[in-house]
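Me: I should like to learn how to read the features of a structural model, one at a time. Please show me the model and begin with a single residue.

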Amino acid sequence: VLTVVPPEGTTSSEFTRAARLREALKGAPSPSIVLGNGDDAAVLRPGGDVVVTTDVLVEGVDFAAWAPWDAVGHKAVAVNLSDLAAMGAEPLAYLMSLCLPRGFPEPHVEALSAGMASCGALHGLPCVGGDLSRTSGPVVVGVTALGTVPPGLALTRSGARPGDGIWVSGVLGAASTGLGLLSQQAGLSRNILETLEKFASGAHREAVRAQLAPTPRLALGRALRGVASGCVDVSDGLAQDLCHLLVASGVGARVEVARLPAHPSADPAHVLSGGEDFELLFTASDAAAVERASRACGVPVTRVGQVTAGPGLDLVGLVSLPGEDVGRLDMGEMPRVSGAQGLRGYVHFPAAP
Ligand SMILES: [Mg+2]
């Protein structure tokens, strides 16, 4: 729970900062939260299986120095919610830890917590605890999210079977296209809205929004309980995340590259291997049930291929991707990827050329 007793050497401003953060992030009351932030620990009363995930964002590694602080806060919560969505879970609560350099400006802390609070409010989950400390390095924002699913109904990566169809939600390549646009943008913006105003074109603005404030597919994940045989969220690029699912299930796949739902401003490399789409990639045997789930939650899905006995992934119709390094894609244990020449997934720290 957010430390309210100042540690040795902590200034009173840091002491009140913790209290302010706790207030900003407490969220709405919920019957599952018996005791929220403010005691030694939170007390939760979840119904069903508890699903837990964690993600940490480090300045200079997971977000750039120009990133608006409300976007960093929003994303820190959203990436965890995307993992809950991939498990078919209902969000319950989250915990956060924040390591800030000495002298980190108070308005930035407020923007960071506003971004977290707005993402939490959007999806109905409060922050039930956290910790605040100091660092001599970059800013570190860690979030652990908890969710629930009815007993035994969590979606996993390991249930795909030969003959199942493969679907992906929404569009691919928007967030990495947005990252490219933002990297070329001169001048820093203080917040998400101000940043979006710099992009007049609808497609570009959408791509920038996908990068700054991704939408976790929670409703779709829930709708896919009992329908999807395997599911993963697309955080490192479709090809790479599909390999994780295929390896976990012990199967292969054929994917029709021309069927992938590309964002209008994305280039082919971003569609297959751009990071941070946070769409759901899933397999299922019953196509009609997938259509019903998609309609029920209003999230479009596209059938992009089929699970095979494998092993290996065939990317059918892949055109060459000039300028991309070969062999950088982390396919895990995937024994064979055909058509993957020049393809790579999202890497946090690309090796120097
Ligand atoms: Mg994931």
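Reply: E276 is buried, with a relative accessible area of 11%; buried means under 20% relative accessible area, exposed over 50%, and partly exposed in between, with a 1.4 Å probe and protein chains only. The model is a predicted one, in which local features need pLDDT of at least 70 and side-chain atom pairs count only at pLDDT 80 or more, whereas totals for chains, interfaces and linings use all residues. Residues are numbered from 1 along each chain as its sequence is written, and side-chain values use heavy atoms, with hydrogens and water left out.

Me: Where is E276 found, and what is its phi?

Reply: Most residues other than glycine have a negative phi, and most peptide bonds are trans. E276 has a positive phi, near 70°, although it is not glycine. E276 is in the loop between α9 (268-273) and β10 (280-284); helices (H or I, at least four residues) and strands (E, at least two) are DSSP runs, numbered from the N terminus. The loop between α9 and β10 also holds F278, another residue other than glycine with a positive phi, in this case near 55°. F278 is buried, at 6% relative accessible area.

Me: How many helices and strands are there in the protein, and what share of its residues is buried?

Reply: The protein has ten helices and 13 strands. Of its 353 residues, 46% are buried. The accessible surface comes to about 15300 Å², with 55% of it belonging to carbon and sulfur atoms; such areas come from the Shrake-Rupley method with a 1.4 Å probe, and for residues only the protein chains shown count as cover.

Me: What share of the contacts in the protein joins residues 24 or more positions apart?

Reply: A contact means heavy atoms within 4.5 Å. Among contacts in the protein with a separation of 6 or more, 84% are between residues 24 or more positions apart. T283, which lies in strand β10, offers a case. The C-alpha atoms of T283 and G165 are 5.4 Å apart in space, while the two residues are 118 apart in sequence. Apart from neighbours within four places in sequence, T283 is in contact with A160, D164, G165, I166, V227, A228, S229, G230, L245 and V307.

Me: Is T283 buried or exposed? And is T54 buried or exposed?

Reply: T283 is buried, with a relative accessible area of 0%. T54, in strand β3 (residues 49-58), is exposed at 54%. Leaving aside residues up to four places away in sequence, T54 touches N80, V143 and T144. From T54 to V143 the C-alpha distance is 5.7 Å, across 89 residues of sequence.

Me: What does R17 touch beyond its sequence neighbours?

Reply: R17 belongs to helix α1 (residues 12-25) and counts as buried at 8% relative accessibility. Its contacts, not counting neighbours within four places in sequence, are L100, F104, P105, E106, V109 and L132. The C-alpha atoms of R17 and E110 are separated by 9.2 Å, and these residues are 93 apart along the chain.

Me: How should the packing of α4 and α6 be read?

Reply: Two packed helices are described by the angle between their axes and the distance between the axes. Helix α4 (residues 174-184) packs with helix α6 (residues 202-212) at an angle of about 100°, and their axes are 7 Å apart. Axes are lines fitted to C-alpha atoms, for helices over the stretch in contact, and angles run from 0 to 180 degrees between N-to-C directions. The angle makes α4 roughly perpendicular to α6; under 35 degrees counts as roughly parallel, over 145 as roughly antiparallel, 65 to 115 as roughly perpendicular and the rest as oblique.

Me: Which residues make this contact?

Reply: From α4 they are A174, A175, S176, T177, G178, L179, L181 and L182, and from α6 they are H204, A207, V208, A210, Q211 and L212. By class, nine are nonpolar, five are polar and none is charged. Ala, Val, Leu, Ile, Met, Phe, Trp, Tyr, Cys and Pro count as nonpolar, Asp, Glu, Lys and Arg as charged, and the others, Gly among them, as polar.

Me: Finally, which protein donors does the magnesium ion have?

Reply: Donors are N, O and S atoms within 2.8 Å of the metal (3.2 Å for Na, K and Ca); water is not among the atoms, so sites may look incomplete. The protein donors of the magnesium ion are D83 (OD) and D233 (OD), which lie 2.0 to 2.1 Å from the ion. D83 is in helix α2 (residues 69-86) and D233 in strand β8 (residues 228-233), so the pair ties together parts that are 150 residues apart in sequence. D233 is buried, at 3% relative accessible area.
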